[in-house]
Amino acid sequence: LPVLLKLDTPHRQNIKTVLELLSHISSRIKSVRIALPLMGLTDRFLSDISVTHRNCALMYIKLGFHIASSEERVYCVTQMLNNFHVIPEEHYTAIFWLFALAASEIDTNNFEDFTYFENPETIEIKLQYLFDIILLRQNCFAETVEPGLNEEFVVSCRNLVQDEPPSAEKLSEMRVGILKYLLKFKSFMNENLIYPHVLVSLMDEHVGCSRLAERDFKHISSEIDFSNMDLVKKLVLLFLGHNKNDDIAPETRRTSLKYHVRTSILE
């Protein structure tokens, strides 16, 4: 943390020296499991700092996240979502990736620590990213784009993990964690918002994920307002994908879901 503070110096030579030192530190951290001050790094990331400083703070958060305690991980993602308005959009994928890793560790007893539930826009963004992570499969880190996703998100994930793509088992753990979190907090959210997540999870090839979704699916379905046009539009988009004539950038166009998932939407 003291080294990161030096990045705010106005002197270019000092910044260059600090970056070289940080590069050396990063190499050492990657080769040895060293616990990093995740809470302090999170606070630094969310403070009013330069772009370089924020990027470095996030880099070390990602490096230290896997060996941090559950308390530190929950603190990190909670603070990031509560202060979502200060996070640049280019970091959204990284933030929700971290959130997915810690989702199963968040308890409803910590609900008073959350304020983002009060912001409908934040919830929509969060749920869209979590839905996309649920759709991710290992082949996305090669050259394919999984049905239901868009190229922009997949490329962003590839850039995030770089040469260390997650295993199929790790992705399954993340999907289960996300689903546990959504089902745990469903009483604080409109069921219409999480219905697509549960529906897709019901068709998951991972038994733990599909069984978890099946457990709550009937109850959630009974609470759904299928006359809600926002929900209908989402389900239609999942079924058909974007049309080539839609006025959106090619890299943001979503493909339709897999056949067996589309069949469940019709049912």
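In which helix is Asn192 found? Asn192 is found in helix 10, which covers residues 191–202, and this briefing comes back to that residue at the end. The structure is a predicted model, and the protein in it has 13 helices and zero strands. The points below go from the whole protein to one helix, then to pairs of charged side chains, and finally to Asn192.

**The protein as a whole**

- Reading along the sequence, one meets the pattern α-α-α-α-α-α-α-α-α-α-α-α-α, which fits the count of 13 helices and zero strands.
- The protein has 267 residues, and 45% of them count as buried.
- When contacts between residues at least 6 apart in sequence are considered, 69% of these join residues that are at least 24 apart.
- The accessible surface of the protein amounts to about 14,200 Å², and carbon and sulfur atoms account for 51% of that surface.

**Helix 5 and its neighbours**

- Helix 5 runs over residues 70–82 and has 13 residues, and the distance from its first C-alpha to its last is 18 Å, close to the 18 Å expected at 1.5 Å a residue.
- The buried residues of helix 5 are Arg73, Val74, Cys76, Val77, Thr78, Met80, Leu81 and Asn82.
- These buried residues pack against four helices, namely helix 3 (38–46), helix 4 (51–65), helix 6 (92–102) and helix 7 (120–135).

**Salt bridges between distant parts of the chain**

- Side chains of opposite charge can pair when their charged atoms come close.
- In the whole structure, a search finds ten salt bridges.
- One of them joins the side chains of Arg254 and Asp132, with a distance of 2.9 Å from N to O.
- This pair links distant parts of the chain, with Arg254 in the loop between helix 12 (229–240) and helix 13 (259–266) and Asp132 in helix 7, and the two residues are 122 residues apart; both Arg254 and Asp132 are buried.
- Another salt bridge is formed by Glu146 and Lys258, whose closest N and O atoms are 2.9 Å apart.
- Because Glu146 lies in the loop between helix 7 and helix 8 (151–161), while Lys258 lies in the loop between helix 12 and helix 13, the pair ties together parts that are 112 residues apart in sequence.
- Glu146 has a relative accessible area of 5% and is therefore buried, whereas Lys258, with a relative accessible area of 34%, is partly exposed.

**A salt bridge between Arg215 and Asp216, and a network**

- The side chains of Arg215 and Asp216 also meet in a salt bridge, at 2.8 Å from N to O.
- Arg215 counts as exposed because its relative accessibility is 59%, and the cut-off for that class is over 50%.
- Asp216 has a relative accessibility of 9%, so this residue counts as buried, the cut-off for that class being under 20%.
- Elsewhere, Arg137, Arg175, Asp204 and Glu205 are joined into one network by salt bridges that share partners.

**Asn192 in helix 10**

- Is Asn192 buried or exposed? Asn192 counts as buried because its relative accessibility is 9%.
- A polar atom of the Asn192 side chain lies 3.2 Å from the backbone nitrogen of Asp225.
- Leaving aside residues up to four places away in sequence, Asn192 touches Ile224, Asp225, Asn228 and Leu231, so that Asp225 appears both in this list and in the polar pair with the Asn192 side chain.

Terms used. Residues are numbered from 1 along each chain as its sequence is written. This is a predicted model: local features need pLDDT of at least 70, side-chain atom pairs count only at pLDDT 80 or more; totals for chains, interfaces and linings use all residues. Side-chain values use heavy atoms; hydrogens and water are left out. Buried means under 20% relative accessible area, exposed over 50%, partly exposed in between (1.4 Å probe, protein chains only). Contact means heavy atoms within 4.5 Å. Accessible areas come from the Shrake-Rupley method with a 1.4 Å probe; for residues, only the protein chains shown count as cover. The expected span of a helix is 1.5 Å times one less than its number of residues. A salt bridge is a side-chain nitrogen of Lys or Arg within 4 Å of a carboxyl oxygen of Asp or Glu. A polar contact is a pair of N or O atoms within 3.5 Å; within protein, one must be able to donate a hydrogen and the other to accept it, and residues adjacent in sequence count only if both atoms are side-chain atoms.
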